[in-house]
Amino acid sequence: MNFIIFASILTLSLVIALTLSKAKKQAAATQQDYWAREREANNTRCKSLDNLNYIKIPLEDFPMNLLNDVAKVDDYKQIIRALSESPIVNFTGINNTELKLRYGAPNIDLLTTYDQNYTLLVRTLQQWAQMLYDAGYMQEACQLLEFSVSTGTDVSGTYRLLCAIYKKQNTPEKIGSLYPIAETLNSAMQKTIVRILQEADQSSC
């Protein structure tokens, strides 16, 4: 019996050792590949940014005349106005190495700024829409949210609030139009957002 236990422990130890060795080799190979790509990216020459998918903010369609006495809303409007004059591009899910490979290492600071502008845009739209919704301006909140979704936002609260609005407007079928966008998001939030839509769909049945 003791021999059987000893053999089992020895076998288990060997399996663990082999597993750890394999994991270390895989980690080393992954790290080596990363640094190889990073070196290539850092040597990539500057490329034109003319064909990027720049986002244009339709200020004329936004409810700029509502809740003028609310300081927080005024802050949101000022941010949106400033962003309307700035380059905005959605690079969600694309790391710096990939950006440098696509557009050249010298452009990385510009590209990072464009992406930061996008993050600020969709977060501001979500917060502004929530305040409009809470104040009873449901249709105006819907406008902001739908624009945000059209840009490929991965802010889960945007989809959750939009679903709530669709149900309150007695148009729950519109939730279905959000799936094609949500299912193709290049984001860690993609599955969460799809689940939000599914739950909203089920609760509206």
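**Notebook: an all-helix chain**

I began at the start of helix H3, where a side-chain oxygen of Asn95 comes to within 3.2 Å of the backbone nitrogen of Thr97. I note here that the model is predicted. H3 covers residues 96-103, and I listed its buried residues as Thr97, Leu99, Lys100, Leu101 and Tyr103. Thr97 therefore appears twice in my notes: its backbone nitrogen is the one reached by Asn95, and Thr97 is under the 20% relative accessible area that defines buried. At the other end, I found that Gly104 follows H3 and has a positive phi, near 100°.

**Whole chain**

I then looked up the overall make-up. The protein chain has eight helices and zero strands, and read from the N terminus the elements run α-α-α-α-α-α-α-α. I noted that 38% of the 205 residues count as buried. For contacts between residues at least 6 apart in sequence, I wrote down that 70% join residues at least 24 apart.

**H2 and H4**

Next I took helix H2 (residues 71-83) and helix H4 (residues 108-134). Their axes come within 10 Å and cross at roughly 145°. I recorded the crossing as left-handed. On the H2 side, the contact is made by Lys72, Val73, Tyr76, Lys77, Ile79, Ile80 and Leu83. On the H4 side, I listed Asn117, Leu120, Leu121, Thr124, Leu125, Gln127, Trp128 and Met131. Sorted by class, the residues of this contact are ten nonpolar, three polar and two charged.

**H6 and H8**

I turned to helix H6 (residues 156-168) and helix H8 (residues 190-203). They pack at an angle of about 15°, and their axes are 9 Å apart. Angles under 35 degrees count as roughly parallel, so I entered H6 and H8 as roughly parallel to each other. H6 passes H8 in a right-handed crossing. From H6, the contact uses Ser156, Tyr159, Arg160, Cys163 and Lys167. From H8, the contact uses Ile193, Ile196, Leu197, Ala200 and Ser203. I sorted the residues of this contact into six nonpolar, two polar and two charged.

**Gln190**

Last, I checked one residue of H8, Gln190. Is Gln190 buried or exposed? Its relative accessible area is 17%, and the cut-off for buried is under 20%, so I entered Gln190 as buried. I then asked which residues Gln190 is in contact with, leaving aside its neighbours within four places in sequence. I found Ala182, Glu183 and Leu185.

Technical notes: Residues numbered from 1 in each chain as written. Predicted model: local features only at pLDDT ≥ 70, side-chain atom pairs only at ≥ 80, totals over all residues. Heavy atoms only, no water. Axes fitted to C-alpha atoms, helices over the stretch in contact; angles between N-to-C directions. Helix = DSSP H or I, 4+ residues; strand = E, 2+ residues; numbered from the N terminus. Parallel < 35°, antiparallel > 145°, perpendicular 65-115°, else oblique. Left-handed = near helix turned anticlockwise from the far one by under 90°. Contact = heavy atoms within 4.5 Å. Nonpolar A, V, L, I, M, F, W, Y, C, P; charged D, E, K, R; others polar. Buried < 20%, exposed > 50% of the residue type's maximum accessible area, 1.4 Å probe, protein only. Polar contact = N/O pair within 3.5 Å; in protein donor to acceptor, adjacent residues only side chain to side chain.
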